[in-house]
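Biologist: Show me the structure, please. I want to ask how each term is earned.

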Amino acid sequence: MLRICIIGYGKMGHEVERVARERGHSIPLIVDRNNHNEINSDKFKNVDVAIEFTSPQIAKQNVQACFDAGVPVVCGTTGWNDQLSDMIEKARQGRGTLFYASNFSIGVNIFFKLNQLAASILSRVEDYKPSIIEIHHTQKLDAPSGTAISLANIINAHMPSYSGWSLLPNNITDDKIPIQAVREGAVPGTHMVTFESDQDIIRLTHEAKSRKGFALGAVLAAEFIYNRKGFYNMDNLINFD
Ligand SMILES: NC(=O)c1ccc[n+]([C@@H]2O[C@H](COP(=O)([O-])OP(=O)(O)OC[C@H]3O[C@@H](n4cnc5c(N)ncnc54)[C@H](OP(=O)(O)O)[C@@H]3O)[C@@H](O)[C@H]2O)c1
């Protein structure tokens with residue numbers, strides 16, 4: 001049983017709390033906007049691990065506070081990629097323990113592997129053009145989603161004629177993967193990857209039915225890192241071999 005601090009008590013924070021309790025863990029501290037200074041408290045230093053789902057503006061500060069307190073942190077906040085690489089580097093140097101995933105759902109991580117396979121095969125056989133559509137609830141702050149960016153990076157790595165992505169409706173050059181971000185209703189997260197040639201269309205879709213899959217992945221990540229040092233991601237948690 002772990003003592004888990006939840007940082008960010010919004011939609012994901014509540015779901016993480018439910019899943020963590022179901023798995024027998026305790027939640028001695030929840031840090032949200034109204035009690036943010038408790039991240040510097042002794043109570044915080046005494047938890048085994050923190051799980052952070054907040055906003056791109058505060059994520060780096062929260063992860064740094066975890067490093068300073070010696071608390072391993074699972075972070076799922078998206079939209080702060082420019083600063084994230086610094087924190088990954090610090091963790092790799094042993095200055096903190098960080099598990100980061102743009103998407104904690106096990107199904108999405110299998111979906112990443114399927115897209116990797118599709119991209120590497122299609123780059124060899126035909127002139128297939130990739131494109132991505134992501135659909136999320138209207139309160140989502142960042143666009144495109146971290147998951148759509150991860151998908152674009154995976155496809156880029158396996159289709160040499162592409163480098164980078166561009167968010168529609170911005171102008172787009174032939175070497176960029178177009179990403180369309182749709183915001184509607186309460187959609188927890190849908191990602192659709194299309195590979196289109198003159199002859200046909202291949203489409204792979206992942207549709208989250210709720211936030212539970214993300215929360216479960218984050219709690220499994222906490223169980224994985226609480227006694228480790230360094231940087232980890234979903235490839236360390238799921239054995240694809
Ligand atoms: N990696 C994944 O698998 C995954 C899955 C789902 C979501 N996400 C990401 O996780 C993040 C959170 O998503 P969510 O749906 O839970 O959002 P949310 O419902 O808006 O919750 C965010 C929580 O963080 C709090 N917060 C914001 N700024 C803060 C600050 N300066 N200090 C302390 N607390 C602060 C918010 O408080 P207020 O309400 O007072 O602002 C709110 O309680 C987003 O970046 C989202 O894209 C990742």
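Modeller: Start with the ligand. In this predicted model, 22 residues surround the ligand. The closest are Lys-11, Met-12, Arg-33, Thr-78 and Phe-104.

Biologist: What makes a residue near a molecule?

Modeller: One of its heavy atoms must lie within 4 Å of the molecule. The model is predicted, so local features need pLDDT of at least 70, side-chain atom pairs count only at pLDDT 80 or more, and totals for chains, interfaces and linings use all residues. Residues are numbered from 1 along each chain as its sequence is written, and side-chain values use heavy atoms, with hydrogens and water left out.

Biologist: Why is the pair between the side chain of Arg-33 and the ligand called a polar contact?

Modeller: A polar contact is a pair of N or O atoms within 3.5 Å; within protein, one must be able to donate a hydrogen and the other to accept it, and residues adjacent in sequence count only if both atoms are side-chain atoms. An N or O atom in the Arg-33 side chain is 2.7 Å from a ligand oxygen, so the pair qualifies. The side chain of Lys-11 has such an atom 2.9 Å from a ligand oxygen. For Gly-10, a backbone N or O atom lies 3.3 Å from one.

Biologist: How much of the ligand does the protein bury?

Modeller: The protein buries 78% of the 920 Å² that the ligand exposes when taken alone. Areas come from the Shrake-Rupley method with a 1.4 Å probe; for residues, only the protein chains shown count as cover.

Biologist: What makes a residue of the shell nonpolar, polar or charged?

Modeller: Asp, Glu, Lys and Arg count as charged; Ala, Val, Leu, Ile, Met, Phe, Trp, Tyr, Cys and Pro as nonpolar; the others, Gly among them, as polar. The shell around the ligand has seven nonpolar, ten polar and five charged residues.

Biologist: Which peptide bonds are cis, and where are their prolines?

Modeller: Ala-143 to Pro-144 is cis, with omega near 0°. Pro-144 lies in the loop between β6 (129-136) and α6. Leu-168 and Pro-169 are also joined by a cis bond, with omega about 10°. Pro-169 is in the loop between β7 (165-167) and β8 (177-183). Helices (H or I, at least four residues) and strands (E, at least two) are DSSP runs, numbered from the N terminus.
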